[in-house]
Number of protein chains: 2
Amino acid sequence: MNSLTPLSSKLTSCQSMSRLRQLQACSIHSNVVKHNYGPATPQTMTGSLAANLMGHQNTTGVAARRMLSTSNKLSVTCQQLIMEEYGEPEKVVKMQSVELPSLKPGEVLIKMIATTINPSDINTIQGMYAVKPDLPCILGNEGVAEVIEVSSEGEKGPLQVGDWVIPVMNAYGTWRSHAIGTHDEFTKLPKGMDAAAAATLSVNPTTAYRMLKDFVKLEKGDLVIQNAGNSGVGRAVIQLCAHYGYKSINVVRDRPAIAELKKELMDMGATMVLTERELRVSRELRAMEKPPLALNCVSGKSATELIRLMRDGGVMVTYGGMARQPVTVPVGSLIFSDVRLVGYWQTRWSLNPANQEAKKEMLSDLCEFFKKGTMVVPPHKMVPHTDYMKALADAMPADGQVGCKQILTFN
Amino acid sequence: MNSLTPLSSKLTSCQSMSRLRQLQACSIHSNVVKHNYGPATPQTMTGSLAANLMGHQNTTGVAARRMLSTSNKLSVTCQQLIMEEYGEPEKVVKMQSVELPSLKPGEVLIKMIATTINPSDINTIQGMYAVKPDLPCILGNEGVAEVIEVSSEGEKGPLQVGDWVIPVMNAYGTWRSHAIGTHDEFTKLPKGMDAAAAATLSVNPTTAYRMLKDFVKLEKGDLVIQNAGNSGVGRAVIQLCAHYGYKSINVVRDRPAIAELKKELMDMGATMVLTERELRVSRELRAMEKPPLALNCVSGKSATELIRLMRDGGVMVTYGGMARQPVTVPVGSLIFSDVRLVGYWQTRWSLNPANQEAKKEMLSDLCEFFKKGTMVVPPHKMVPHTDYMKALADAMPADGQVGCKQILTFN
């Protein structure tokens, strides 16, 4: 069996892109995909945290705490959620305690504040995601932590005790109470962030932000059409569009409380909220300028509907396949309407070294938006990490409609 | 009833792009599309030829000839193939003679040498193409003509008697013995071109050329994969790839004489020729680098097969829908493999004012390739224009496999 490592630590930064391609190649035929998961972290990770974890797998402990080790240095017990095999979350996710070593020169110790359970985490655990990490692994793709110790030896880094940070890389393995890493493995957040906003920053808001920035040069007043308007990304799109002066046309699934949902999204800044059925017949929509950008999280028939409504030369960005159906494009839309289809995957974008400066700017913008109230965190529930079994169950309701994001907290 | 005009003359150059969009919008849902047809020509056209044709519709005459008109000037009788209603070609295509007026200052008279019957012409006549011209109209999308008279009055233009020319715009209405236009409506070809090569230059070789140039920056040794490898565009792709040093993987439909076809395409420079079935299992193909560019004229399942074989970040260019099925893309190919889907339509490219310099360079390259033998004209048959009924029938064989391009000649 492999030694226990965080999802990302199997890949050095040099290997990551080619390995990522391998992983993608294995899963290219899968229609069961969700955005934002991927394995990669700097080599330092492999050399420090992952290696340090070896041999500590069976250490037990109830709470993270400093204690005297045999070498007379304080040590920390980390509680972490892992899986050793793929399967249904309630069966394969386990909590484990490991004793962390003392810091090496240049390292910092972080204590997790809050970490999110995303649909891609569930899919990863089920073995249905594009990325299939080597097992066992520490789960979790995003979260916010506090720096609680900085090594006094080695090169001085930017982080100080009390700073709030998020991991630089996706798929870091955030479902754990503590972690050790080097300064460059973490991005420092500005002071005064809300914990839930910080914990949910790295996946959905970033995906929304990039999809609005990177594919079409939008002008104020332009329409953006999207399905899954009620999703985490969908809500971020609505708020960002309102901020930038774009009009958002938001398609949602019909449901008993549709009026309340529509009001909620309209209050958030949506220009129009339509059910799939309303989308097909809306005269009001057809009287407007056509959208040059469509964002597709559903695929199947829903994607085809969006394509038919787009402006000539428009771009549809696919970032999800909730309908578990492929995207079907009329040939005429490609040839005569010049519609282009692309995909967006936050992990790939994030791994690209060329994007690191843009990432800093993006996180700075998004933190500002959350602090000012330009963006608000979607409905969520903060759950103590020890109740992870209930949180996992609540993250995958029987009707498939996740109304409330589960966020694990570590106190 | 409208006055008789060439397909393109209903649109001035100013109107053409917005009108084109309208036309496209009407047909966006159609899966029955082929490349390269469109309405547009400079305003001069509307002011000269189209207007001049009014009132001459019922003039009869067997051969084009100069004759004395009432104003004592020589005039020309033009034989032209027109349609007054959509339908099956054998029922709705008619030959008509009209007397052309004498030249105005700045105009030239051209005599058609050879003009092609393309699948898009058949689809247009059947009313199944994206562009539905106002009727009646003169048919024909490409052809080569000789300048036989140049007005001695008005501004001097570049054309001289004896020059070979092709119309600048697609959908010019080339199925006619003569036409009058201004110098800027025609592109002069270099001396020494073969008539069949010149007559088939504007649609298939240009489509192949642009698809290889405009979407992926190919390097020598890169793979290009395409279906419809035996089509006019397909053969041009094979020859251009061989010339530029790219490897071409060519998918063709299985048929009784498959060995002969394979040999023919391999002799032409193909790297590999595979039937659809062979494509799905070829180990040799899977041992090669993956193609960054796929060219799709078939759509349906064939397109999905190509997508699965592409390199991460690759582009599939769709230019036809022979299977009469939409393009179906696995969601994972978009999100995780970053495959992009675009369409190519020669008419749109050709209409874009920004492309006029590139068009000159392209035609110069292609003429050179045909003169040097780098490219050869696909199997074709030169048919006197008076036998147009047989040529039309031969252009749409019952099995749908057009083995031999029909080219109408005017002698």
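A residue counts as buried here when its relative accessible area is under 20%, and this cut-off is the one to keep in mind at the first stop of the tour through this predicted model.

**First selection: helix α6 in each chain**

Select residues 204-213 of chain A, which form helix α6; nine of these 10 residues are buried, so the helix is largely enclosed by the rest of the structure. To see which positions are covered, colour A:N204, A:P205, A:T206, A:T207, A:A208, A:Y209, A:R210, A:M211 and A:L212, the buried residues of α6(A). Then move to helix α6 of chain B, again residues 204-213, which is mostly covered, with nine of its 10 residues buried. In chain B the buried positions are B:N204, B:P205, B:T206, B:T207, B:A208, B:Y209, B:R210, B:M211 and B:L212.

**Second selection: the whole of chain A**

With chain A alone highlighted, the secondary structure to trace consists of 15 helices and 19 strands. Of the 411 residues in this chain, 60% are buried, and the accessible surface of chain A comes to about 16,100 Å², with carbon and sulfur atoms holding 53% of that area. If contacts within chain A are displayed for residues with a separation of 6 or more, 74% of them turn out to join residues 24 or more positions apart.

**Third selection: B:A145 and its surroundings**

Go next to strand β7 of chain B, residues 143-150, where B:A145 has its place. Is B:A145 buried or exposed? Its relative accessibility is 1%, and B:A145 therefore counts as buried. Showing the residues around B:A145, and leaving out those up to four places away in sequence, brings up contacts with B:I110, B:K111, B:M112 and B:I113, as well as with B:D163, B:W164 and B:V165. A distance worth drawing here runs from the C-alpha of B:A145 to that of B:I166, which lies 21 residues away in sequence and 6.3 Å away in space.

**Fourth selection: B:T304**

Select helix α11 of chain B, residues 300-309, and within it B:T304. B:T304 has a relative accessible area of 11% and is buried. Which residues does B:T304 contact, once its neighbours within four places in sequence are set aside? They are B:T328 and B:P330.

**Fifth selection: both chains together**

Display chain A and chain B at once, and superpose chain A on chain B: a turn of 180 degrees with a shift of 0.0 Å along the axis brings the two together with an RMSD of 0.0 Å. That is the relation of a two-fold axis. The same surface serves both copies, since 100% of the contact residues of chain A recur in chain B.

Now restrict the view to the contact itself, to which chain A gives 40 residues and chain B gives 40 residues. The area buried between chain A and chain B is about 3,300 Å², and carbon and sulfur atoms account for 63% of it.

**Last selection: polar links across the interface**

Two salt bridges are found across the interface of chain A and chain B, and one to select joins the side chains of A:D338 and B:R348, at 3.4 Å from N to O. Eight residue pairs across this interface are in polar contact, with both residues at pLDDT 80 or more. On the side of chain A that touches chain B, the elements giving two or more residues are α1 (13-26), α11 (300-309), β16 (327-329), α12 (331-335) and β17 (340-343) of chain A. Finish on α12(A), which supplies the largest share of that side, five residues.

Methods. Residues numbered from 1 in each chain as written. Chains lettered and ligands numbered in written order. Predicted model: local features only at pLDDT ≥ 70, side-chain atom pairs only at ≥ 80, totals over all residues. Heavy atoms only, no water. Helix = DSSP H or I, 4+ residues; strand = E, 2+ residues; numbered from the N terminus. Buried < 20%, exposed > 50% of the residue type's maximum accessible area, 1.4 Å probe, protein only. Contact = heavy atoms within 4.5 Å. Areas by Shrake-Rupley, 256 points an atom, 1.4 Å probe, with all protein chains shown as cover. Least-squares fit on C-alpha atoms with pLDDT ≥ 70 in both. Buried area = accessible area lost by both parts, 1.4 Å probe. Salt bridge = Lys/Arg side-chain N within 4 Å of Asp/Glu carboxyl O. Polar contact = N/O pair within 3.5 Å; in protein donor to acceptor, adjacent residues only side chain to side chain.
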